[in-house]
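Visitor: Could you take me on a close look at the enclosed spaces inside this protein? I would like to know what surrounds them.

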Amino acid sequence: RRDEGRDDLTPLLAHHYAQAVRPQDADIAWAGREAELARLQTAAVAWSRRAAEQAVGRYEIDEAIALLRRAVELEPRKEEQAELWYEIGHASALKYDGEGFVAAMERSLDLGAPEGQVYAELAYQTSQRQGMWKRRLDRALVNEWIDRALRSAREGTPPKVRAMVAKASWQNDLEAGLEALRLADSLEDDGLRSAALHPVQVAFEARGDLDEAWRHAQLRAELLPSITDPDHVADTLMGLIDLQLNIGRIAQARAGVVTLEDTVAGLTPHHRVHGLGTRVRLHAAIGEWEAVRALTPQAEEWIELNLATPCPFNVGSMLLAASAMTYGSDRAEADRLVAKAESIGMVGYEEFMTPRWLLLAIAQRNQAVLRRTVDSITADSLTAGAWDLVAVWLDALSELGDRDRIEAEAPKWIRPDGYAAAFAVKALGVARRDPGLLKEAAKRFESMGITWHAARAREASAHVGAG
């Protein structure tokens with residue numbers, strides 16, 4: 001009677017109703033009163049689900065999953081159990097527990113949950129959180145989930161849109177992304193609009209149409225005030241920051257990182273690693289190595305808290321910190337951080353890890369690793385969206401003195417502005433021993449506020465001029 005409007009009482013009621021119908025006591029406590037037992041079981045499940053929903057809203061995900069698992073134990077009906085396992089799976093995805101997510105969704109399917117709903121969630125969450133497994137999921141498996149979701153989700157429903165978003169994200173399919181956006185518009189759902197805009201942005205970026213990528217990123221940013229889920233907000237900010245770095249809007253990226261860190265502060269340890277990892281990536285991209293060194297103790301602490309849920313940032317941030325230590329002339333600390341990164345172990349995330357390994361090899365002037373890594377990079381991975389890989393790859397070619405490759409590859413990356421373009425000009429300046437090109441590269445870096453790389457380009461120009 002007192003509960004109306006009193007969310008603080010929900011966990012208390014959930015606990016006491018659940019205790020009243022504990023399976024190990026129920027047959028004795030409620031002997032001869034089976035109808036009353038059934039009523040109380042229904043109440044226990046309802047209050048547990050409500051308490052779990054509130055816990056998810058607070059991003060106390062472990063508490064939410066414990067409440068939902070208790071509800072499953074108390075729920076006698078298979079169809080209701082299927083719904084509860086679906087909710088457990090969704091909560092597991094929010095904490096980036098890939099194994100728990102898939103296991104819960106499979107259990108939901110076994111109990112008869114609608115295939116369209118479950119496969120759409122499997123495909124969507126996997127495409128949005130691709131790094132939540134130590135070994136990246138097999139592409140064929142995820143493609144199968146996408147196909148089954150598209151076949152079984154009803155037209156004009158949110159699961160259908162999420163399935164199309166998954167196809168667009170996982171397969172870098174621009175047409176699928178535009179179709180998902182059209183469907184989201186027809187449902188007048190800003191959350192789905194935002195979800196659909198991201199793969200459209202990424203697809204345009206990969207094609208080198210950065211103007212269209214930026215336009216769609218801005219459309220997504222305009223939706224932020226209507227997005228209430230902080231996980232979704234954080235995802236939007238990370239996508240925007242990545243594009244800002246790509247097109248050389250460094251000041252905007254700095255401001256975005258601050259907002260991202262504020263957004264993830266109250267979420268899971270995994271989210272906080274994303275926030276800090278994005279800051280470390282920003283500082284590393286512009287050569288602010290002292291800032292990376294200062295962040296390293298906090299990064300190690302937070303990564304340790306996050307080890308239960310796999311994440312490429314767990315490894316990537318350690319590798320960037322190792323580069324920072326190398327530039328700070330602390331090779332022993334760099335070696336320790338590399339060993340720690342390798343001990344974490346993430347398999348199948350080469351597009352994320354390769355730029356970080358190359359950056360470290362450049363810092364350590366390790367020609368053997370540079371050559372091996374450069375030779376492993378495939379042409380299809382060098383897209384306009386992979387700005388950090390392209391930039392460090394061009395630097396690596398310069399370190400290797402690979403003039404023929406630079407002459408063949410660098411000109412295509414020169415655009416009027418953008419992060420990788422400055423590295424392309426610098427690489428050509430090194431290859432041709434042209435002080436003018438190196439000075440131009442320095443100016444390009446300076447215009448973006450990247451003083452460390454500008455200084456290195458000017459040093460190279462002076463060296464070439466003296467030679």
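Guide: Happy to! Please keep in mind that this is a predicted model. Let's begin with the walls of the second largest cavity: by class, its lining has 5 nonpolar, 1 polar and 2 charged residues. By name, the residues around this cavity are Trp289, Tyr327, Leu359, Ile362, Asp395, Trp452, His453 and Arg456. Two elements, α19 and α25 (451-466), each give two or more residues to this lining. The largest share belongs to α25, with 3 residues. The space inside the second largest cavity comes to about 60 Å³.

Now for the wider picture. The structure holds 4 cavities of 30 Å³ or more, and the largest of them has a volume of about 190 Å³. This largest cavity is lined by 16 residues, and the closest to its centre are Ala284, Ala285, Leu359, Asp388 and Tyr419. Leu359 is a residue to pause on, since you have met it before: it appears in the lining of the largest cavity and also in that of the second largest.

Which helices build the wall of the largest cavity? At least two lining residues come from each of α15 (269-285), α19 (350-363), α21 (387-400) and α23 (419-432). Here α21 makes the largest contribution, with 5 residues. As for chemical character, the lining of the largest cavity divides into 11 nonpolar, 1 polar and 4 charged residues. If you want one element to follow between the two spaces, try α19: it supplies at least two residues to the largest cavity and two or more to the second largest.

Methods: Residues are numbered from 1 along each chain as its sequence is written. This is a predicted model: local features need pLDDT of at least 70, side-chain atom pairs count only at pLDDT 80 or more; totals for chains, interfaces and linings use all residues. Side-chain values use heavy atoms; hydrogens and water are left out. On a 1 Å grid over the protein atoms alone, a cavity is a set of points where a 1.4 Å probe fits but cannot get out, and a pocket is an open set with protein on both sides within 12 Å along at least five of seven lines; lining residues have an atom within 4 Å of a point. Grid points are joined across faces, edges and corners, and a volume is the space filled by probe spheres set on the points. Helices (H or I, at least four residues) and strands (E, at least two) are DSSP runs, numbered from the N terminus. Ala, Val, Leu, Ile, Met, Phe, Trp, Tyr, Cys and Pro count as nonpolar, Asp, Glu, Lys and Arg as charged, and the others, Gly among them, as polar.
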